[in-house]
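Look at the charged side chains first, then at one residue in the interior. The paragraphs below take these topics in turn.

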Amino acid sequence: MTNKFFDYINLHKGEEKGEKVLENIRANIAFKGANLWILACAIIIASVGLNVNSTAVIIGAMLISPLMGPIVGAGFALGTYNFLLLKIAIKNLIIATIVSLLVSAIYFYISPFKDVQSELLARTSPTIYDVLIAFFGGLVGVISITRVEKGNPIPGVAIATALMPPLCTAGYGLATFNLSYFFGAFYLYTINCFFICIATFFVIKYLKYPISSTLDTKKEKRIRDGISILILVMIIPSFYLAYTLYQEKKFTKTVEEFIDSEFTDRGYTVIYKKINYNSKPKKVELAFLDKKLTEENILMYNRLLQEKGLTEVNLTFKQDEKDIKSEILNELNRQDRLFAEKDIIINDLKKELAKYKVNQPSLVNEIQALFPTIKEVSIGKIERNLVDSTSRVDWLLIYKDSIKPYDDNKRIVNWLKARLQVDTVFVVNIYQPVEHTKE
């Protein structure tokens, strides 16, 4: 029973040869020529995605990015005590980081749109959750690299660990001279790099890859101690930031409950609400549709808020009609921008779907009329990847002929080309002769 259990969790099953893994890792470390161009393009794509607040574009950039190579290479080198490979990996990671920061900073500096979007803000305050994502994402990545069958986890790891967006956000911080954004985003990037590297180190040690150079006990202990210290240095600030995030969520929830119980549930229509946790003192601003409050009312509500445990909070009410109108217009404009962005995403998806949609309702009937022996027909469009890395969408017809297996293929292809007015059509016959049993 125990052996069967260990068979399920045995990482040595399906493992690639160590020499092949090392060869693949070496090939993905260097940032020269094409790799550097791909990185620069991915950085610009990610920067545009952050600029226009498009999650889809950011995900695309993460899939393109070759940044994982030197990070995994550093972890592999550390696990096998290959210090020459470690030096090369760190050197290339530094080059990639500097290039990425420069490209993103230049883009954001010349971009006319410098509004702080939610996708940018999400990369400025890393927490312990980002540590967990980076570590377990790194585990998946290195396990996949050491398999004979690579499978499809690598793209998911690229998205989950998110190396590109924090680098671009750091570039935004440089371009706008906002050091808090730069340091917050660069800390998130450092967390991701470090814990992917550490996850790789642990897996390589677990799989017992042969070491490149023998170390004495003291040097091994220094390496282990150094890794332990770095883990603490990386984790402790993230715990603090996670605690801060928890306190902010708790504060926001308490304020929302207070607004609901004291105003919304009593029939007051709240048309404007702004909660600022990071100001000193913390601020809560409200405006009502038609309710006017006296100074005594405002003092009473501030006292009630303190009784809820929210000290050092300044509750104010916007009661000037000009201010209220201005805030309403600003909120409407913000909503219009959000709707416009969603419309762009929906239109892009519609265009993508239209590439593969078959708008030929009578085509099947025409085929069966012209080729009466055909009994089953499936029609669709496929994306074909060409040798030069480009792709194109072509028509595909799969049919089952009850009599002739291949005779009509050429006629069908020629007819479909003329009928659909296209250059290429793929036709597949799934004819299977019926075996007759002797009586």
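What follows covers the salt bridges of this predicted model, then the surroundings of a single alanine.

Side chains of opposite charge can pair when their charged atoms come close. With a cut-off of 4 Å between a side-chain nitrogen of Lys or Arg and a carboxyl oxygen of Asp or Glu, the model has four salt bridges. Three of them are described here, each with its position in the chain or its exposure.

One of the four joins Lys 221 to Asp 225, with an N to O distance of 3.0 Å. Where do Lys 221 and Asp 225 lie relative to each other in helix α12? The two are four residues apart in this helix, which spans residues 217–262, so about one helical turn separates them. Lys 221 has a relative accessibility of 45% and is therefore partly exposed. Asp 225, at 35%, also falls in the partly exposed class, because that class lies between the 20% and 50% limits.

A salt bridge also connects Glu 262 and Arg 266, and here the closest N and O atoms are 3.7 Å apart. Is Glu 262 buried or exposed? Its relative accessible area is 12%, so Glu 262 is buried. Arg 266, on the other hand, is exposed, with a relative accessible area of 53%. This pair therefore brings together a buried acidic residue and an exposed arginine.

The salt bridge between Arg 419 and Glu 366 has an N to O distance of 2.8 Å. This pair links distant parts of the chain, the two residues being 53 apart in sequence. Arg 419 belongs to helix α16 (residues 409–420), while Glu 366 belongs to helix α15 (residues 363–370). Arg 419 has a relative accessible area of 26%, which makes it partly exposed. For Glu 366 the relative accessibility is 26%, and this residue too counts as partly exposed.

The last stop is Ala 46, a residue of helix α3, which covers residues 34–51. How much of Ala 46 is accessible? The relative accessible area is 0%, so Ala 46 is buried. Which residues does Ala 46 touch, leaving aside those up to four places away in sequence? The contacts are Ile 58, Ala 61, Met 164 and Cys 168. A further distance concerns Thr 169, which is 123 residues from Ala 46 along the chain. The C-alpha atoms of Ala 46 and Thr 169 are separated by 9.4 Å.

Methods
Residues are numbered from 1 along each chain as its sequence is written. This is a predicted model: local features need pLDDT of at least 70, side-chain atom pairs count only at pLDDT 80 or more; totals for chains, interfaces and linings use all residues. Side-chain values use heavy atoms; hydrogens and water are left out. Buried means under 20% relative accessible area, exposed over 50%, partly exposed in between (1.4 Å probe, protein chains only). Contact means heavy atoms within 4.5 Å.
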